[in-house]
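Here is a friendly briefing to read alongside the model. Could you keep the sequence and the 3D view open as you go?

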Amino acid sequence: PYQIATLAELKWISEADNSFESLHFVQTADIDASETAQWNAVGDHTYGYIPLGRREKPFRGHYDGADHKITNLTINALADDAAFIGAMQEASLKALRIVDANVSATSSGFEHAIAVGWAHTSSVTSVSTSGTLNSTNAENGGGVVGHLWSTTGHSLSSSATITCVLNNNGCGGVLGRTAGGSSLYDAYFTGAITGKSRTGGLVGFSGEGVPRYCYSTGSVTVTNDVAGGVSGHFWLADPSGDAFYDKEVVTPVSLSNQGILDAADGRTTAQLTSRDYLLSQGWDFVGETANGTNDRWDIDPNLNGGYPFLVTQPGVVPIPASISAGTVTADGPTGLTMTATVNSTGSEAITEAAICVIDAGIDPAPAPSCASAAVDGATITGSASGLAPGGNYEVYITATTAVSTVQSSALSIQL
């Protein structure tokens with residue numbers, strides 16, 4: 001695949017006026033797109049990033065984010081579909097985090113979103129978005145995808161703040177509209193959305209396809225017509241019965257000023273934070289096989305507000321690393337070496353490690369003395385010297401990621 005590691009390379013493919021049919025791209029590093037706020041100034045308007053693919057020449061390649069992120073992407077569109085990928089057909093987007101995006105679009109009759117505007121006969125998987133979407137005069141607006149047509153979307157999430165003004169069809173926290181037998185599986189929305197009509201926490205307009213194994217805790221407000229915690233409007237489809245919104249968070253007042261279409265899909269916070277309850281609804285969790293072996297979901301009371309999160313979206317929910325003590329041995333009369341095992345790096349790589357030694361022969365115990373330790377795959381090794389012969393010591397190892405610092409249990413040794 002062609003490797004995308006810099007903002008300059010991303011700019012080149014987005015502005016190349018090429019469908020890149022059947023070509024594969026892989027992102028090999030996180031990309032800070034802050035500069036896009038100043039790109040493509042024409043007269044008194046700055047367009048920012050130009051979306052990859054447009055309706056008359058959609059992107060037909062395959063973009064793999066490889067669990068990397070694009071931060072601070074700015075789009076100010078006056079025409080065409082507006083999103084990271086404006087339009088895609090017989091293409092795919094996967095494993096990408098778009099963080100703190102700022103998408104503003106006023107192109108009449110097109111699709112607006114943060115990740116993909118218009119997706120036709122394609123797949124969009126393991127994609128998350130955050131930031132803001134301000135959509136005016138669009139057909140549909142969505143936190144991840146504007147219009148999903150004959151396309152599969154799964155493992156999607158958004159925490160974006162979304163505003164749709166004068167849109168014709170749907171406005172949704174994850175998808176604006178589904179059509180043509182599209183499917184949405186395993187997704188959630190935690191942001192806030194305001195729309196004119198057919199506004200939903202997950203999907204604005206569900207046509208010939210409904211969300212399954214999904215939930216929303218995002219606020220939903222409509223200014224003119226009906227709205228829903230799951231979908232703003234079901235057309236040629238009935239609610240699946242296994243996609244929910246938190247009825248204790250998303251209240252009837254914020255749902256609509258004229259009525260709720262999917263009140264039956266409301267669940268309590270206790271239900272939506274219960275692994276057992278969601279298992280009974282058919283959700284595929286890590287550590288069980290009755291509902292499938294894809295291991296889409298996991299849940300931890302200390303992560304994601306206690307709500308389930310997608311294992312297939314590394315980095316979206318900050319998961320701490322996990323390490324355990326290995327062995328500690330003497331290095332002569334005044335030194336020691338300790339090892340620890342890395343059980344998991346969590347959602348980020350380990351950036352540094354340390355060995356810490358406490359003189360257990362002093363009361364009260366002094367502060368630990370720490371020194372750098374080496375990380376080699378799943379093993380961390382650290383050494384200390386200059387200790388007292390015959391001394392008693394407590395020794396532990398720490399590991400630091402972008403999320404947190406964790407430590408092993410302490411081991412005792414007498415030199």
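What follows is a short tour, from the whole chain down to single strand pairs.

This is a predicted model. The chain has 415 residues, and 51% of them count as buried. Four helices and 38 strands make up its list of secondary structure elements.

**The chain as a whole**
- If you lay the C-alpha trace along its principal axes, it spans about 80 × 50 × 35 Å.
- The exposed area of the chain comes to about 16300 Å², with carbon and sulfur atoms supplying 49% of that area.
- On the charge side, you will find 39 negative and 16 positive side chains. The centres of these two sets are 11 Å apart.
- Take the contacts between residues at least 6 apart in sequence: 73% of them join residues at least 24 apart.

**The nonpolar cores**
- The largest nonpolar core holds 61 residues, and Y63, F84 and L93 have the most contacts inside it.
- Strand β9, covering residues 92–105, gives the most to this core, with six residues.
- A second core, separate from that one, has 22 residues, including I323, A373, A399 and V406.
- What does L93 touch, once its neighbours within four places in sequence are left aside? Its contacts include Y63 and F84, along with I85 and M88. Further along the sequence, L93 also contacts A115, V116, S123, V124, T125 and V127.

**A five-stranded sheet**
- One open sheet has five strands with parallel pairing, in the order β10-β13-β17-β21-β25.
- Which strands sit at the edges of this sheet? They are β10 (111–113) and β25 (227–228), each of which pairs on one side only.
- Strand β21 (residues 199–200) runs parallel to β25, and two bridges join them.
- To find this pairing in your viewer, look for G200, whose bridge partner in β25 is G228.

**Strand β18 and its partners**
- Is strand β18 (residues 175–179) mostly covered or mostly open? It is mostly covered, as five of its five residues are buried.
- Strand β14 (residues 145–149) runs parallel to β18, with four bridges between them. One handy marker here is W149, which has A179 of β18 as its bridge partner.
- Strand β22 (residues 203–207) is also parallel to β18, and three bridges join these two. For this pair, look for T178, whose bridge partner in β22 is S206.
- As a reminder for viewing strands, side chains in a regular strand alternate between the two faces of the sheet.

Key:
Residues numbered from 1 in each chain as written. Predicted model: local features only at pLDDT ≥ 70, side-chain atom pairs only at ≥ 80, totals over all residues. Heavy atoms only, no water. Core = buried A, V, L, I, M, F, W, Y, C linked by side-chain atoms within 4.5 Å. Buried < 20%, exposed > 50% of the residue type's maximum accessible area, 1.4 Å probe, protein only. Contact = heavy atoms within 4.5 Å. Areas by Shrake-Rupley, 256 points an atom, 1.4 Å probe, with all protein chains shown as cover. Lys, Arg positive; Asp, Glu negative; His and termini not counted. Charge placed at Lys NZ, Arg CZ, Asp CG, Glu CD. Pairing = 2+ DSSP bridges.
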